[in-house]
Amino acid sequence: MPANQKYLTPAFWPRFAKITAAILGGYFVSVTFHLALASWFNRPAVLITMAFSGFILWVVLMVLAFLAKSGWKIWGIYILLSLLFSLLIYLGQTYNPAA
């Protein structure tokens, strides 16, 4: 039974935005989140935990990207989250260099 046409995205760019936001954007958010945690807390423990929780977070972010109505909007959210976590990484390395 074919999919209902009203649920399919006919244009290339919105579909491309969702796919790339799911794969790349979700990965960037997942990695920067865990690196921000590692810059403030016990670095080896967070990086070891990242092998499992990073993948789970990445999959959740992929699902959220496909559930969103607009691929461009989810890209914007993922970029803002990545920049926020990057700022936390910078601040963590500046004010907590021994962690």
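**Buried and exposed residues around three helices**

Leu88 counts as partly exposed, with a relative accessibility of 32%. That value places Leu88 between the two limits, since buried means under 20% relative accessible area and exposed means over 50%. This description, like everything that follows, refers to a predicted model. Leu88 lies in helix α3, which spans residues 71-95. On the surface, Leu88 is one of the members of a nonpolar patch, where it is joined by Trp40, Phe41, Leu84, Leu87, Tyr90 and Tyr95. Together these residues have about 780 Å² of accessible area. Helix α3 gives the most to this patch, contributing 5 residues.

From the surface, the description can turn to the interior, beginning with helix α2. This helix covers residues 43-67 and bends by about 50° at Met50. Its buried residues are Val46, Gly54, Leu61 and Ala65. Among the elements that cover them are α1, made of residues 12-40, and α3.

Helix α1 offers several residues worth a closer look. Val29 belongs to this helix and has a relative accessible area of 4%, so it is buried. Setting aside neighbours within four places in sequence, Val29 is in contact with Leu61, Tyr78, Leu81, Ser82 and Phe85. Of these partners, Leu61 is one of the buried residues of α2. Phe55, 26 residues away from Val29 in sequence, has its C-alpha 11 Å from that of Val29.

Thr32 is also found in helix α1. With a relative accessible area of 13%, Thr32 is buried, because this value falls under the 20% limit. Where does the side chain of Thr32 reach? It comes to 3.2 Å from the backbone oxygen of Val29. Beyond residues up to four places away in sequence, Thr32 touches Ser82, Phe85, Ser86 and Ile89. Ser82 and Phe85 appear again here, having already been named as contacts of Val29.

Lys18 is another residue of helix α1. Is Lys18 buried or exposed? Its relative accessibility is 15%, so Lys18 counts as buried. A polar atom of the Lys18 side chain lies 2.9 Å from the backbone oxygen of Ala68. Not counting residues up to four places away in sequence, the residues touched by Lys18 are Ala65, Phe66, Ala68, Lys69 and Gly71. Ala65 in this group is one of the buried residues of α2.

Lys69, a contact of Lys18, sits in the loop between α2 and α3. Its relative accessibility is 83%, and Lys69 therefore counts as exposed. Lys69 thus sits over the 50% limit, whereas its partner Lys18 is buried. Along the chain, Lys69 and Ala3 are 66 residues apart, while their C-alpha atoms are 18 Å apart in space.

A last residue of helix α1 is Leu37. At 27% relative accessibility, Leu37 counts as partly exposed, because this value lies between the 20% and 50% limits. Leu57 is 20 residues from Leu37 along the chain, and 14 Å separates their C-alpha atoms.

Taken together, the residues of helix α1 described here include the buried Val29, Thr32 and Lys18, along with the partly exposed Leu37.

Technical notes:
Residues are numbered from 1 along each chain as its sequence is written. This is a predicted model: local features need pLDDT of at least 70, side-chain atom pairs count only at pLDDT 80 or more; totals for chains, interfaces and linings use all residues. Side-chain values use heavy atoms; hydrogens and water are left out. The bend at a residue is the angle between axes fitted to the seven residues ending there and the seven starting there. Helices (H or I, at least four residues) and strands (E, at least two) are DSSP runs, numbered from the N terminus. Buried means under 20% relative accessible area, exposed over 50%, partly exposed in between (1.4 Å probe, protein chains only). Contact means heavy atoms within 4.5 Å. A polar contact is a pair of N or O atoms within 3.5 Å; within protein, one must be able to donate a hydrogen and the other to accept it, and residues adjacent in sequence count only if both atoms are side-chain atoms. Patches are made of residues with over 30% relative accessible area and no salt bridge: like charges are joined within 9 Å, nonpolar side chains (Val, Leu, Ile, Met, Phe, Trp, Tyr) within 5 Å. Accessible areas come from the Shrake-Rupley method with a 1.4 Å probe; for residues, only the protein chains shown count as cover. A salt bridge is a side-chain nitrogen of Lys or Arg within 4 Å of a carboxyl oxygen of Asp or Glu.
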